[in-house]
Amino acid sequence: DVQYVDIDHMERQLDFTIGPRFAGLPALINKIKGEGMRFIIILDPTISGNETNYPTFSRGVQDDVFIKRPNSNEIIYSKVWPFLPNVQINESLPEQTQIQLYGAHAAFPDFFRNSTVEWWKREILEFYNNPTDPSRSIKFDGLWIDMNEPATFLNGAIDGCRDDLLNMPPYIPHLGYREQGLTVKTPCMEGQQYLADGTPVRHYDVHSLYGWSQTKPTLDALQSATKERGIVITRSTYPSSGRWAGHWLGDNTAAWDQLPKSIIGMQKEKDLYSIYCVQLFLFLHLRAFSIHVILAEISPLVQQPERLFLRQDPASWNSTFEEISRNVLNIRYTLLPYLYTLMYDAHAHGSTVIRPMLHEFVEDRTTWEIYEQFLWGPALLISPVMQKSAVAVNAYFPNARWYDYHTNEDIGVRGQFKNLAAPLELINLHIRGGYILPWQIPANTTFYSRKNPMGLTVALSDTLFAEGQLYWDDGVRIGMY
């Protein structure tokens with residue numbers, strides 16, 4: 001159970017700082033951890049270079065961690081966050097004037113370099129254990145890394161890019177802003193980087209590896225700080241990223257058209273699991289069975305009213321909705337041993353966790369077109385409502401024996417569609433015959449759920465056969481297998 005905190009906790013979006021409105025954050029983290037929950041903070045890769053006293057940047061300069069122009073000691077600066085608290089930026093002014101008035105010089109660490117890896121680790125450790133004021137130590141359990149495509153709010157650099165051939169090469173993929181070259185919302189391609197063995201490379205050559213290069217150093221630093229397994233989730237990945245980090249799909253909104261898009265995105269990620277092995281996803285309520293946030297991003301920037309969203313957490317609704325949410329989340333908690341086993345299997349063998357129906361029934365051409373239903377592993381079929389005000393769902397059941405999760409009854413339908421009642425309080429869930437699902441009595445948090453009795457649901461096939469597996473460990477120790 002995790003509380004995430006976005007950049008709002010920072011002082012003017014500066015990594016490894018706490019803003020005045022979040023002075024109570026260390027105590028809050030300690031409180032919710034005492035209740036069996038976890039806490040994850042966000043870190044962006046870019047570091048502000050125009051602060052009067054920002055040790056993270058000063059130490060980065062001293063350790064020579066930032067991407068520079070080739071054959072030069074000149075750091076390439078861009079602009080990352082286009083807003084500052086209580087400041088209205090006049091976008092009609094020239095870019096250089098904006099920077100002078102509003103700040104936002106942002107330098108990009110080169111995570112390929114050994115010096116950068118050590119600097120990044122030290123900054124993370126000192127944020128976890130504040131050496132000058134222990135009361136300001138941030139005892140996070142995981143790290144959320146963002147903006148590492150790498151992303152900027154300015155094309156290229158503050159003073160422009162200088163290598164026309166690299167930034168506007170003869171062939172440019174069909175990007176959204178193809179006519180503007182390769183530097184749209186990202187740094188200049190001529191930036192000089194260095195591999196761990198000292199080999200110089202251009203940013204042009206390793207651009208797509210930026211997020212990849214940040215993941216392992218972040219995980220190593222996290223585990224060094226917490227002495228536990230922990231998690232890192234990253235917005236930018238590349239094949240093999242999943243060895244060190246999970247993947248989140250970016251922001252979406254609480255709109256009906258986002259529901260099927262989220263399922264597609266989630267399954268697309270899982271399709272790539274045999275390549276990426278990316279197993280960790282953000283928790284959400286689709287209702288409770290999809291894994292990327294359906295709720296609109298809630299960003300408490302009171303200084304920026306235009307960025308505020310209506311509260312959409314279950315507690316902000318009426319008691320009926322609270323009870324419905326509690327019930328569906330309890331189902332999720334009940335099935336966590338099964339989900340955890342699927343995660344282990346994905347980690348160990350490259351299998352998929354959330355999968356489209358065609359993965360299991362590839363010879364059934366009907367499943368090829370279905371994207372609004374999905375499976376947890378091979379055995380649990382989820383048929384959610386995707387349309388506003390709908391109270392029924394037309395669900396497809398491939399050729400297998402299927403049992404209603406809620407009643408344990410054989411529904412007697414196979415190889416055809418069936419219209420299922422779907423009132424607000426009901427998620428249609430079905431267990432595939434031939435499988436055994438491990439489960440556990442739920443508690444308020446997974447920390448306490450793990451201590452509860454466990455059981456098995458045995459769903460027999462037509463031949464009265466069923467099989468399953470359970471992977472279980474303490475969920476904490478590094479290297480547990």
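**Exercise 1.** Is S240 buried, partly exposed or exposed?

*Solution.* The model is predicted. Start with the location: S240 sits in the loop between strand 9 (231–234) and strand 10 (246–247). Next, take its relative accessibility, which is 31%. Buried means under 20% and exposed means over 50%, with partly exposed in between. S240 therefore counts as partly exposed. As for its backbone, S240 has a phi near 90 degrees, a positive value in a residue other than glycine.

**Exercise 2.** Find the place of N408 and classify its exposure.

*Solution.* N408 belongs to the loop between strand 15 and strand 16 (416–421). Its relative accessibility is 53%. The cut-off for exposed is over 50%, so N408 counts as exposed. The phi of N408 is positive, about 65 degrees, although N408 is not a glycine.

**Exercise 3.** Describe the surroundings of the side chain of D404.

*Solution.* First, place the residue: D404 is part of strand 15 (residues 402–404). Second, look for a charged partner. D404 is buried yet has no salt bridge, and K418, the nearest side chain of opposite charge, is 9.5 Å away. A salt bridge requires a distance within 4 Å. Third, look for backbone partners. The side chain of D404 reaches the backbone nitrogen of H406 at 2.7 Å, and a polar atom of that side chain lies 3.2 Å from the backbone nitrogen of T407. Last, list the contacts: leaving aside residues up to four places away in sequence, D404 touches E409, I411, L429 and H430.

**Exercise 4.** Which residues does the cis peptide bond join?

*Solution.* The bond joins E149 and P150, with omega about -5 degrees. P150 lies in the loop between strand 6 (142–145) and helix 5 (164–167).

Definitions and conventions: Residues are numbered from 1 along each chain as its sequence is written. This is a predicted model: local features need pLDDT of at least 70, side-chain atom pairs count only at pLDDT 80 or more; totals for chains, interfaces and linings use all residues. Side-chain values use heavy atoms; hydrogens and water are left out. Helices (H or I, at least four residues) and strands (E, at least two) are DSSP runs, numbered from the N terminus. Buried means under 20% relative accessible area, exposed over 50%, partly exposed in between (1.4 Å probe, protein chains only). Lys and Arg count as positive and Asp and Glu as negative; His and the chain ends are not counted. A polar contact is a pair of N or O atoms within 3.5 Å; within protein, one must be able to donate a hydrogen and the other to accept it, and residues adjacent in sequence count only if both atoms are side-chain atoms. Contact means heavy atoms within 4.5 Å.
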